[in-house]
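Me: Could you take one part of this model and walk me through it closely? I would like to know what it is built from and what holds on to it.

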Amino acid sequence: MGGDDFSNTDEVFQAFDDIPLSPCSDDTIGAVIARRYSRRDLLKGSLGVTAATTLFGTAALQSASGPARAATAGFAFRELASGVDETHHVADGYDADIVIRWGDPLAKNMQPFDPRALTGEEQARRFGYNNDYIAFFPLNRGNTRGILCVNHEYANPEVMFPGVGVRPDRDDFAKITEAHVDVEMAAHGVSVVEIALEGGKWKPVTGSTYNRRITAATPMTVDGPAAGHDRLKTKADPTGRKSLGTINNCAGGQTPWGTYLTAEENCNYYFWTDQKDSEGKRLRKGLGGAQQKSYERYGIPTNGYSWGRFHERFNVDKEANECNRFHWIVEIDPMDPASKPVKHTALGRFRHEGAETIVNKDGRVVVYSGDDAQLDYVYRFVSNETFR
């Protein structure tokens, strides 16, 4: 990853995600949708056309037969001009407010946020870094109080820590210390925070009994068909049923019974090897022994962070199975701060993007989730029993 022209960690990760890890042996989702819906159905609104062609290309429209109809715009505000600058642009008549930021306290009586003096222990009591999926759980009928569950997908050490370099991986993370790593690990995961509408503005309820952080070190339970499997057993957990932490939390979902699902996506970034090739670069292939095929299917180790230098469980040379305890869907009960998150192996292990849940007409629960890698798949889980 050091011999490229990318300027920051995010660009490196995005480029790695564009490398297909799976053969394209089935129809694309666009082809499936084109068979299911007629061209007329897709052209009922401009939003549908935009979404379909953006995600699946014009083939999604061309594959179905039938005459085209004029699209009808569904928005009542002037579209924003594209571009990137230092201003947060919103449409005319709308406002954007900051509800909560990285480092804002979830507990009372905390010192003002100072990233230069931040420790992992303190970060674990503050709002995490790099938001992704957000879910709102109302606490009253008026929806003026509620709980936000927010994913924190990854860390940018070059932004978080002064002096570590624009691309810390270029010099093999030489300036990243164990203290930095502890903060990164605590900034990952999920924030659960109560918010309230006061004077027309949403504000966090600091010190709420609902508030908590779920990080890369939070104890969790593993359930489902893979729980207890030999490849989930580690030196720290010989049962294979007590996972530790969640990372690279991307999209997610809400269940009909009021819990939060968070998706573990590109967890391969965090796994590290001490082994290097003849050019002094850390190996990314040929590792894993009997698990080599699995390692390479997931892109393990990517060596995107230096956690494995300081924490044995993220070093594949010292703990071969820890990587198998990630890339799952995790369920969190936002209403019970004492509850332990659960990794549901029945929902499959892959680079999860989303976990949208519906109750089917026959009462069974259906969960949809996609694999974020190029040329990978959309998965549908259907429960055996009906929702009660």
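**A starting point, then a closer look**

Reply: Happily! Val378 is found in strand 13, residues 378–386; strands here are DSSP runs of E at least two residues long, helices are runs of H or I of at least four, and both are numbered from the N terminus. Please keep in mind that this is a predicted model, where local features need pLDDT of at least 70 and side-chain atom pairs count only at pLDDT 80 or more, while totals for chains, interfaces and linings use all residues. Residues are numbered from 1 along each chain as its sequence is written, and side-chain values use heavy atoms, with hydrogens and water left out.

Val378 counts as exposed because its relative accessibility is 56%. The cut-offs are under 20% relative accessible area for buried, over 50% for exposed, and partly exposed in between, with a 1.4 Å probe and protein chains only. Together with Ile29 and Val32, Val378 makes a nonpolar surface patch of about 230 Å². A patch takes residues with over 30% relative accessible area and no salt bridge, joining like charges within 9 Å and nonpolar side chains (Val, Leu, Ile, Met, Phe, Trp, Tyr) within 5 Å. The areas come from the Shrake-Rupley method with a 1.4 Å probe, and for residues only the protein chains shown count as cover.

Now for the part I would pick for your close look: the hairpin of strand 7 and strand 8, which has 5 residues between the strands. Strand 7 covers residues 249–254, and 5 of its 6 residues are buried, so it is largely enclosed by the rest of the structure. The two strands run antiparallel and are joined by 4 bridges; strands count as paired if DSSP finds at least two bridges between them. One bridge you can look up is that of Asn249, whose partner in strand 8 is Glu264. In the turn, Gly258 has a positive phi of about 90°. As background, side chains in a regular strand alternate between the two faces of the sheet.

Glu264 deserves a second look. Its relative accessible area is 0%, so Glu264 is buried. Glu264 forms a salt bridge with Lys343, and their closest N and O atoms are 2.8 Å apart. Lys343 sits in strand 10 (residues 342–344) and Glu264 in strand 8, so this pair ties together parts that are 79 residues apart in sequence. Here a salt bridge means a side-chain nitrogen of Lys or Arg within 4 Å of a carboxyl oxygen of Asp or Glu. Lys343 also counts as buried because its relative accessibility is 0%. His327, in the loop between helix 10 and strand 9, lies 9.5 Å from Lys343, C-alpha to C-alpha, and 16 residues away in sequence. With a relative accessible area of 0%, His327 is buried too.

The loop that follows strand 8 makes contacts of its own. The structure holds 19 salt bridges, and one of them pairs Asp172 with Arg282, with the closest N and O atoms 2.8 Å apart. That pair links distant parts of the chain: Arg282 is in the loop between strand 8 and helix 9, Asp172 in the loop between helix 7 (157–160) and helix 8 (178–187), 110 residues apart. Arg282 is buried, at 16% relative accessible area, whereas Asp172 counts as partly exposed at 22%. A further salt bridge joins Arg325 and Glu322 (3.2 Å, N to O), and both of these residues are buried. Salt bridges with shared partners also join Asp172, Lys276, Arg282 and Arg309 into one network.

Aromatic rings appear in this region as well. Rings of Phe, Tyr and Trp (its six-membered ring) pair if their centres lie within 6.5 Å, and planes under 30 degrees apart are stacked, over 60 edge-to-face, and the rest tilted. By this rule the count comes to 15 aromatic pairs. Phe271 and Phe314 form a tilted one, 5.3 Å centre to centre with 40° between the planes. Phe271 lies in the loop between strand 8 (260–264) and helix 9 (292–298), and Phe314 in the loop between helix 10 (307–310) and strand 9 (329–332), so the pair ties together parts 43 residues apart in sequence. Both Phe271 and Phe314 are buried. Ring pairs link them with Tyr270, Tyr305, Trp307 and Phe326 into a cluster.
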